[in-house]
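Hi everyone, thanks for coming. Today I'd like to walk you through the packing inside one protein, so let's put it up on the screen.

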Amino acid sequence: MSAFKSDFLRTLSERGFIHQISDETGLDELFAKETVTAYIGFDATAKSLHAGSLIQIMLLHWMQQTGHRPIALMGGGTSMIGDPSFKDEARKLLTVAGIEENLAGIRRNFEPYLKFGEGATDALMINNADWLLKLNYVEFLRDVGRHFSVNRMLSFDSVKLRLDREQSLSFLEFNYMILQAYDFVELNRRHDCRLQMGGSDQWGNIVNGIDLGHRLGSPQLYALTSPLLTTSSGAKMGKTAEGAVWLDADMMSPWDFWQYWRNTEDADVGRFLKLYTTLPLDEVARLTALGGAEINDAKKVLATEVTALLHGREAAEAAAETARKTFEEGALADDLPSIDVAAAELKAGAGLLNLLVQAGLAGSNSEARRHVQGGAVRVNDTQVTDPRASVSDADVSPEGVIKLSLGKKKHILVRPA
């Protein structure tokens, strides 16, 4: 479809959010004529979402910004099973207490992006445990399960890939897609929800919900998926060599979050500005057109804008200023990430390899040794290549810290405690 009439779909199209829509014309007309309710489901597999979920959160954000009502569906029920889609093995089963703890953390991830409340376009946060945990199994099989074809479910790529690799798919996991389909129908009944959105790997599951709704007498339901993003080099969004890029400030500091986006590959800057910021498209076009060394200015804007949306403008600008002082002036910025090390340990001489592990710059002593021998480690901006080296209180700067660096962009302040 060349042009959308509705602000919502036009915005998504212009910013690169759309991969597939089940009925473009029908959905566009629906959004153009009335306030639409749509949802995205998030399972509670950790205490925070990571940057890989940001494209879904931004979908809900733009929905509300264009006058519609988003639902963030928390998978308190489905998390007890785990989505098998494109997974090589079954997820570890979570306890009810663990799920509740995770949900409490995940709820906070949405607050910077959505306005919650009781108004016509105020976002809702709903837990599918409210209905899934109350189902009578035999009645559910009779009323809902009979509408699902096992032959068709086996044809879905998410299932086929698992079976083709001869990896077990439990009956428990096989039920996940039935429960997800039922969520869609239940949300339609309770909140007149007409659209389910998700990543492109969820297409089969969402279409299942549309089919179930049709069989159970729901009005026409719709599906919209976004592309599954990787970086230009093929890396998965939201992951680094050190682990996940968490949205919770207690799990990843605003500084480290800012740095993740500042290190975006050149080829991804324009695409990420459209998807992850709310900058006007003409400004995105201007920044994307920057070439040579100026592309770094666009990366700084990207990092600051994405961080400001999540952590607030003040935290984002503080991170940008810390980077400027550290990288452009060579200054020692007080708000760099830091760790406390016992003064007695420093007085005796702390092993550099152990210190790198404590600081989170290496996952093990052997990894730290490789970094040191490869010339990537600096203490107070002086390269150290001897893995037997130690760091002592003699290395404490006049500012009262030791600056530990890995490469050009990772710095930790060691503070004697």
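Let me start with a question: is tyrosine 182 buried or exposed? Tyrosine 182 is buried, because its relative accessible area is 9%, and the cut-off for buried is under 20%. Do keep in mind that this is a predicted model.

Tyrosine 182 also has a partner. Searching the whole structure gives 10 aromatic pairs. In one of them, phenylalanine 140 and tyrosine 182 meet edge-to-face, with 5.3 Å centre to centre and 90° between the planes. Phenylalanine 140 sits in helix α6 and tyrosine 182 in helix α10, so this pair links distant parts of the chain, 42 residues apart. Phenylalanine 140 counts as buried too, at 8% relative accessibility.

Now for another pair: tryptophan 261 and tyrosine 276 are tilted, at 4.9 Å centre to centre and 55° between the planes. Tryptophan 261 belongs to helix α12 and tyrosine 276 to helix α13, so the pair ties together parts 15 residues apart in sequence. Tryptophan 261 is buried at 0% relative accessibility, and tyrosine 276 at 3%. Both belong to one aromatic cluster with Phe257, Tyr260 and Phe272.

Let's zoom out to the cores. The largest nonpolar core has 65 residues, and Phe110, Met197, Trp261 and Tyr276 have the most contacts inside it. Helix α3 gives the most to this core, with 8 residues. A second, separate core of 28 residues includes Leu132, Phe156, Ile178 and Leu221.

Finally, helix α2: Gly26, Leu27, Asp28, Leu30 and Phe31 are buried there. The buried residues of α2 pack against α1, β1, α3, β5 and β6. Happy to chat about any of this!

Conventions
Residues numbered from 1 in each chain as written. Predicted model: local features only at pLDDT ≥ 70, side-chain atom pairs only at ≥ 80, totals over all residues. Heavy atoms only, no water. Buried < 20%, exposed > 50% of the residue type's maximum accessible area, 1.4 Å probe, protein only. Helix = DSSP H or I, 4+ residues; strand = E, 2+ residues; numbered from the N terminus. Contact = heavy atoms within 4.5 Å. Core = buried A, V, L, I, M, F, W, Y, C linked by side-chain atoms within 4.5 Å. Phe/Tyr/Trp six-rings, centres within 6.5 Å; stacked < 30°, edge-to-face > 60°.
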